[in-house]
Amino acid sequence: AARLLAAPEPARAGSRELGSELPELGFVCPGQGAQYPRMGAGLYASEPAFRAAFDECCAILAAHTAEAWGPDPRAVLFSDDPNALTPTSVTQPATFVLEYAVARMWMHWGIRPTALIGHSIGEWVCAALAGVMSLEDALGLVVERGRRMQAQPAGSMLSVRLPAAELAPRLPAGVVIAAENAPGLCVASGPTELIDALEAELTAGGATARKLVTSHAFHSAMMDPVIEPMAARLAQIRLSPPTIPILSTVTARWLTDAEATSVRYWAEHLRLPVKFGPAVAELLAEPRRVLIEIGPRATLSALARQAMPGKRALPVAIPSL
């Protein structure tokens, strides 16, 4: 190998001009639930572009979290404590910071997206990357969002292997579909006692259902008290049309300029169901689209593959970590 590489014209296995065959890249940003202790610590130690973006976020974050976290957010984000990232008030900012820094690292390397899609809090990362809101405003809002959601009564969420159309009629009053993650895979959300009863009923009927490890019933009526305070906070910042197209997981359509600059859209974002499955299918309607998962695991990569059955010339999704 050394001899071949040292040759004036190194031997090549072959090459071709990609030209118009270059893929359309999409960044996919996960939501809460994929986190784990010290996520991103290896990149922070080894990749200057990641470290610079991470430190930029932490400098902003410190102004909002110093009282609860101490002066340096990195002490919490890279803590060895297995429960450090468990509270929603910590998980959401931690998820945002990691994903924003990973995205900036890819972009620093010249890997730039032509589309963005995010699951729940992940769409706020998309908003910051696309200039819908400044990084400072986005981080401040994410911290407030996490704190207010954490303060709501406890609830539960249930992953169910059924299409939304089949699950919806079986839900008791007070329980809603919080997410459509893939064809035949939904999440129900609501008070714990109702979720427990639903799990027993579905399991007895032969459906596959399992409770998610979560403290609250996100994207359900139990989050209603958070909407108006978030709207009031959003009304104080500047919202701009996206500079990179965003596939909305609220509507499963391309985010319009009117939606991107709407206080109500972002305020109600934590309450409305996440239509990730239909949205990512729309994104992958472009046959040259390849997704890079900008997050700590390969969770959404697996869901995206379920939304695109059959063989494909290009990979559907590639995880970053």
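The following legends describe close-up views of a predicted model.

**View 1. The open sheet of five strands.** This predicted model contains an open sheet of 5 strands. Their order is β7-β2-β1-β8-β9, and the pairing is parallel. Strands β7 (246-247) and β9 (317-319) form the edges, each pairing on one side only.

**View 2. The pairing of β1 with β2.** Strand β1, residues 24-29, runs parallel to strand β2, residues 115-118. The two strands are joined by 4 bridges. Within this pairing, Phe-27 has Leu-116 of β2 as its bridge partner.

**View 3. Helix α14 and the sheet.** Helix α14 covers residues 299-307 and lies across β1, β8 (289-293) and β9. With respect to β9, the helix runs at about 170°. Helix α14 also takes part in the lining of the largest pocket, to which it gives the most, with 5 residues.

**View 4. The largest pocket and its centre.** The largest pocket holds about 1,000 Å³ of space. It is lined by 40 residues, of which Gln-32, Gly-33, Ala-34, Leu-212 and Val-213 are the closest to its centre.

**View 5. The lining of the largest pocket.** Helices and strands both contribute to this lining. At least two residues each come from the helices α5 (88-108), α7 (135-150) and α14, and likewise from the strands β3 (156-160), β4 (176-182) and β5 (185-190). By residue class, the lining divides into 20 nonpolar, 16 polar and 4 charged residues.

Technical notes:
Residues are numbered from 1 along each chain as its sequence is written. This is a predicted model: local features need pLDDT of at least 70, side-chain atom pairs count only at pLDDT 80 or more; totals for chains, interfaces and linings use all residues. Side-chain values use heavy atoms; hydrogens and water are left out. Two strands pair if DSSP finds at least two bridges between them. Contact means heavy atoms within 4.5 Å. Axes are lines fitted to C-alpha atoms, for helices over the stretch in contact, and angles run from 0 to 180 degrees between N-to-C directions. On a 1 Å grid over the protein atoms alone, a cavity is a set of points where a 1.4 Å probe fits but cannot get out, and a pocket is an open set with protein on both sides within 12 Å along at least five of seven lines; lining residues have an atom within 4 Å of a point. Grid points are joined across faces, edges and corners, and a volume is the space filled by probe spheres set on the points. Ala, Val, Leu, Ile, Met, Phe, Trp, Tyr, Cys and Pro count as nonpolar, Asp, Glu, Lys and Arg as charged, and the others, Gly among them, as polar.
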